[in-house]
Amino acid sequence: MLDRRELMKRAGVAALATGFASTRALADTVTLPFDNGERPIVSYPQKRPMIGLTSRPPQLETPFSIFNDGPITPNNAFFVRYHLADVPLNIDPDKFTLAVKGKVDKPLTLSLKDIRKLKATEIVAVNQCSGNSRGFFTPRVAGGQLGNGAMGCARWHGVPLKTVLDMAGVQAGAKQVAFGGLDGPVMDTTPDFAKALDIDHASDGEVMLAYGMNGEDLPVLNGFPLRLIVPGYFGTYWVKHLNEITVLDHEFDGFWMKSAYRIPDTPNNSVEPGTAPKATIPINRFTVRSFITNVTDGAKLKAGRTVLKGIAFDSGKGIKEVAVSTDGGNTWVPAKLAHEIGKYSFREWKLPVKLAAGSYELKVRATSNAGEVQPAEPRWNPAGYLRNVVETYRVTVA
Ligand SMILES: Nc1nc2c(c(=O)[nH]1)N[C@H]1C(S)=C(S)[C@@H](COP(=O)(O)O)O[C@H]1N2
Ligand SMILES: [Mo]
């Protein structure tokens with residue numbers, strides 16, 4: 001017998017699937033501040049109006065002003081990234097299973113109910129696409145021309161990956177763990193999306209199988225009913241609709257590890273603009289970043305006192321300092337950091353400044369507890385990853 005809650009849930013999922021068929025562009029557009037930056041504002045089920053990058057598969061950016069509302073990005077504003085057009089919109093949570101296999105003593109097939117019975121944990125962590133801010137690269141690079149909205153911070157709820165690996169019993173000699181999701185390519189020639197982590201990383205107790213996000217089920221487009229959370233690491237590892245975990249005794253050699261999502265194996269993982277690196281490694285941890293969230297580039301401000309406000313984050317060492325310059329980077333004043341809600345989270349900051357009439361270049365620069373500082377000049381790599389130059393906001397005050 002289905003109880004009322006189950007029936008409601010199924011009706012909801014069915015309505016969602018119907019909703020996707022009628023997804024549409026709203027009349028509005030926005031223009032991101034680089035060439036060919038005009039984007040439609042689009043409407044999707046479970047999402048407020050978002051900046052559309054592609055529609056097959058759906059790729060949605062968060063309108064930047066959302067980041068001024070607080071350190072947690074609401075589910076209905078959280079960005080969406082997919083590689084393959086066959087997005088699973090109609091998953092029945094009662095039939096969904098997660099397989100744990102490969103070099104394990106006891107292969108598992110877990111239902112969502114089984115997973116929900118395991119001891120749960122929570123972590124607040126930023127998810128950011130490797131190509132966030134790619135549209136700002138000069139020289140321009142191929143790939144999704146994203147503004148700064150392919151990032152978000154949420155409270156994830158689920159079970160440590162370690163719990164499930166321990167239940168299955170990882171065998172001696174295990175090297176990596178590979179992760180596959182339910183979405184697939186429309187054509188057989190396209191490689192399926194799968195990622196891998198080293199066994200030590202996968203069993204660190206922090207990497208997590210999440211079914212909850214900010215107190216609700218995961219939105220369909222953010223990986224319902226289960227996704228991987230890899231705190232401090234770029235979103236490419238955060239496999240959505242996760243249904244397959246395979247323990248390997250060798251290095252995973254799938255396309256999305258071996259050929260895609262690679263960064264130069266050089267200091268700062270950058271190369272001379274326009275050149276190709278000799279050797280590459282898989283992309284891994286976030287670079288340190290900060291933004292002003294209550295002033296946009298090109299804004300007009302009133303003369304007098306203004307409280308500048310923003311966010312900063314890094315790969316999990318935590319933010320040591322955020323400094324602000326109102327004179328184009330000549331002098332810097334430390335901002336006041338808000339209470340830290342987690343070392344992988346957005347950290348809010350604010351700073352009152354007094355500005356007389358004139359033109360200003362406002363800049364914000366974060367330093368992590370590991371001593372990593374944002375560079376004054378942009379670093380470059382051919383895939384347009386890791387952008388973390390000090391952000392500049394040109395404003396006029398009158
Ligand atoms: N199944 C699946 N998981 C995936 C992807 C994908 O294409 N398919 N893209 C990855 C990438 S590159 C990013 S940046 C994040 C984005 O997570 P979000 O869509 O929830 O914001 O999902 C990751 N997980
Ligand atoms: Mo990504």
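**Figure 1. The second largest pocket of this predicted model has a volume of about 310 Å³.** Of the 16 residues that line the second largest pocket, those closest to its centre are Gln-176, Ala-196, Asp-198, Met-257 and Pro-282. Two elements, strand S10 (194–198) and helix H5 (255–258), each supply at least two residues of this lining. Strand S10 provides the largest share, with 3 residues. Sorted by class, the lining of the second largest pocket holds 8 nonpolar, 3 polar and 5 charged residues.

**Figure 2. Welcome to the largest pocket, which encloses about 830 Å³ of space.** Its lining is made up of 31 residues, and the closest to the centre are Pro-33, Phe-136, Asn-148, Asp-297 and Glu-391. Three strands each supply at least two residues of the lining: S1 (24–31), S17 (289–292) and S25 (391–397). Which strand gives the most to the lining of the largest pocket? That is S25, with 4 residues. The class tally for the largest pocket reads 16 nonpolar, 9 polar and 6 charged residues.

**Figure 3. Here we zoom in on Glu-391, a residue of strand S25.** Glu-391 is among the residues closest to the centre of the largest pocket. Is Glu-391 buried or exposed? Its relative accessibility is 12%, so Glu-391 counts as buried, the cut-off being under 20%. The side chain of Glu-391 makes a polar contact with the side chain of Arg-289, at 3.3 Å. Setting aside residues up to four places away in sequence, Glu-391 touches Asn-148, Arg-289, Ser-290, Phe-291, Leu-362, Lys-363 and Val-364. One of these, Asn-148, is also listed among the residues closest to the centre of the largest pocket.

**Figure 4. Phe-64 sits in the loop between strand S4 (58–61) and strand S5 (97–102).** With a relative accessible area of 24%, Phe-64 is partly exposed, because this value falls between the 20% and 50% cut-offs. What does Phe-64 contact beyond its neighbours within four places in sequence? The partners are Asn-148, Met-151, Phe-291, Ile-292 and Thr-293. Asn-148 and Phe-291 may look familiar from the previous view, where both touch Glu-391. To give a sense of scale, the C-alpha atoms of Phe-64 and Leu-118 are separated by 36 Å, and these two residues are 54 places apart along the chain.

**Figure 5. Ligand 1 is shown with the 19 residues that surround it.** The closest of them are Phe-79, His-83, Asp-183, Arg-227 and Lys-240. Some polar atoms of the protein can be followed one by one in this view. A polar side-chain atom of Arg-227 lies 2.6 Å from an oxygen atom of ligand 1. For His-83, an N or O atom in the side chain is 2.7 Å from an oxygen atom of the ligand. Asn-127 also takes part, with a side-chain N or O atom 3.2 Å from an oxygen atom of ligand 1.

**Figure 6. The largest cavity has a volume of about 260 Å³.** It is lined by 20 residues, and Arg-81, Arg-227, Gly-235, Trp-238 and Lys-240 are the closest to its centre. Two of these names, Arg-227 and Lys-240, also appear among the residues closest to ligand 1. By class, the lining of the largest cavity has 10 nonpolar, 6 polar and 4 charged residues. How many cavities of 30 Å³ or more does the structure hold? There are 2, and the next view turns to the second largest.

**Figure 7. The second largest cavity has a volume of about 30 Å³.** Its lining consists of Gln-59, Leu-60, Glu-61, Phe-79, Val-80, Arg-81, Cys-129, Leu-146 and Ala-150. By class, these divide into 6 nonpolar, 1 polar and 2 charged residues. Arg-81 links this view with the previous one, being among the residues closest to the centre of the largest cavity. Phe-79, in turn, is one of the residues closest to ligand 1.

**Figure 8. The last close-up shows Thr-306 in strand S19 (residues 304–313).** Thr-306 has a relative accessible area of 15% and is therefore buried, since buried means under 20%. Leaving out residues up to four places away in sequence, Thr-306 touches Leu-351, Pro-352 and Val-353.

Note on methods
Residues numbered from 1 in each chain as written. Chains lettered and ligands numbered in written order. Predicted model: local features only at pLDDT ≥ 70, side-chain atom pairs only at ≥ 80, totals over all residues. Heavy atoms only, no water. 1 Å grid on protein atoms, 1.4 Å probe; cavity = no way out; pocket = protein on both sides within 12 Å on 5 of 7 lines; lining within 4 Å. Points joined across faces, edges and corners; volume = space filled by probe spheres on them. Nonpolar A, V, L, I, M, F, W, Y, C, P; charged D, E, K, R; others polar. Buried < 20%, exposed > 50% of the residue type's maximum accessible area, 1.4 Å probe, protein only. Polar contact = N/O pair within 3.5 Å; in protein donor to acceptor, adjacent residues only side chain to side chain. Contact = heavy atoms within 4.5 Å. Near = heavy atom within 4 Å.
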